[in-house]
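Open your viewer, pick a cartoon representation, and keep the selection box handy. We will walk through this model stop by stop, starting with a pair of residues that face each other.

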Amino acid sequence: MPTNKRSKYRGSRTCGGGTHKNRRGAGNRGGRGRAGINAHHFVKWYKEMGGPVFGKDGFCNPTGTEVTAIDVGALDQIVPSLLAQGIARQEGDAVVINIADMGIEKVLGSGKVTRKINISAEAFSGTAKAKIEKMGGKAQVV
């Protein structure tokens, strides 16, 4: 007497699935791919993806605007290359940079300022303005 189904059905053509026509096609599997993830395939996708994967997440703000920004520390690091490219110019001991020439609108305050920089931009964060002025530079809003 067989002890499990696998050995019980050895040698039989359809392994207990009825006629040979019965276990063919995607209908036997409940659909192809992610069909039925809201119902019968839910457990499979829940295990693979680590949670429910259907539906929308978050929202899109139709009135939001993208602002291009750069950190004052990153700007301080690229000053030599800006001088070489002609985007910035040296005036005495200060470096003068117009950020609009680079296509950037706002200067943020992350990083260190190691030299005197005069920056013209559309907007500055409070931290960026404080760091620039602490080194003797100017933060001019255009």
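Select Q90 and V95 to begin: Q90 stands opposite V95, which belongs to strand 3. Before going further, please note that you are looking at a predicted model.

**Stop 1: the hairpin**

Widen the selection to residues 88-91, which are strand 2, and residues 94-98, which are strand 3. The two run antiparallel and are joined by four bridges. Together they make a hairpin, with two residues between the strands. Click on G92 in the turn, where phi is positive, at about 70 degrees.

**Stop 2: the other partner of strand 3**

Keep strand 3 selected and add residues 117-121, which form strand 5. How do strand 3 and strand 5 run, parallel or antiparallel? They run parallel, and four bridges join them. To see one of the paired positions, select I97 and I119: I119 in strand 5 is the bridge partner of I97. As general background, strands of a sheet pair through backbone hydrogen bonds, in either a parallel or an antiparallel way.

Now switch on a surface and look at how strand 3 is covered. Four of its five residues are buried, so strand 3 is mostly covered.

**Stop 3: just before the hairpin**

Step back to I87, in the loop that leads from helix 4 (79-85) to strand 2. Is I87 buried or partly exposed? Its relative accessible area is 27%, so I87 counts as partly exposed. Show its surroundings: apart from neighbours within four places in sequence, I87 is in contact with L82, D101 and M102. Try the distance tool on I87 and M102, which are 15 residues apart in sequence and 7.8 Å apart in space, C-alpha to C-alpha.

**Stop 4: the three-stranded sheet**

Next, select strands 1, 4 and 6. These three strands form an open sheet in the order 1-4-6, with parallel pairing. Strand 1 and strand 6 (123-124) are the edge strands, each pairing on one side only. Zoom in on strand 4, residues 106-108, which pairs with strand 6 in the parallel sense over two bridges. Here K106 stands opposite A123 in strand 6.

**Stop 5: a buried aspartate**

Move to helix 3, residues 72-77, and pick out D76. Why does D76 count as buried? D76 counts as buried because its relative accessibility is 5%, and buried means under 20%. Which residues does D76 touch, leaving out those up to four places away in sequence? They are K112, V113, T114, R115 and I117.

**Stop 6: two loop residues**

Go to P62, in the loop between helix 2 (42-49) and strand 1 (69-71). P62 has a relative accessible area of 74%, so P62 is exposed. Draw a C-alpha to C-alpha distance from P62 to A35: the two are 27 residues apart in sequence and 32 Å apart in space.

Then select C15, in the loop between helix 1 (5-8) and helix 2. C15 is partly exposed, with a relative accessible area of 39%. Check its backbone angles too: phi of C15 is near 55 degrees, a positive value in a residue other than glycine.

**Last stop: the whole chain**

Zoom out and colour by secondary structure. The chain has five helices and seven strands. Reading from the N terminus on, the elements run α-α-β-α-α-β-β-β-β-β-α-β. The radius of gyration is 33 Å, well over the 14 Å that the globule rule gives for 142 residues, so the chain is more spread out than a compact globule. Align the view with the principal axes, along which the C-alpha trace spans about 100 × 35 × 25 Å.

A few totals round off this view:

- Of the 142 residues in the chain, 24% are buried.
- Among contacts with a separation of 6 or more, 27% come from residues 24 or more positions apart.
- The chain exposes about 10300 Å², and carbon and sulfur atoms supply 51% of that area.
- There are 23 positive and 11 negative charges, and the mean positions of the two sets are 30 Å apart.

Conventions. Residues are numbered from 1 along each chain as its sequence is written. This is a predicted model: local features need pLDDT of at least 70, side-chain atom pairs count only at pLDDT 80 or more; totals for chains, interfaces and linings use all residues. Side-chain values use heavy atoms; hydrogens and water are left out. Two strands pair if DSSP finds at least two bridges between them. Buried means under 20% relative accessible area, exposed over 50%, partly exposed in between (1.4 Å probe, protein chains only). Contact means heavy atoms within 4.5 Å. The radius of gyration is taken over C-alpha atoms; the globule rule is 2.2 Å times the number of residues to the power 0.38. Accessible areas come from the Shrake-Rupley method with a 1.4 Å probe; for residues, only the protein chains shown count as cover. Lys and Arg count as positive and Asp and Glu as negative; His and the chain ends are not counted. The place of a charge is taken as NZ of Lys, CZ of Arg, CG of Asp or CD of Glu.
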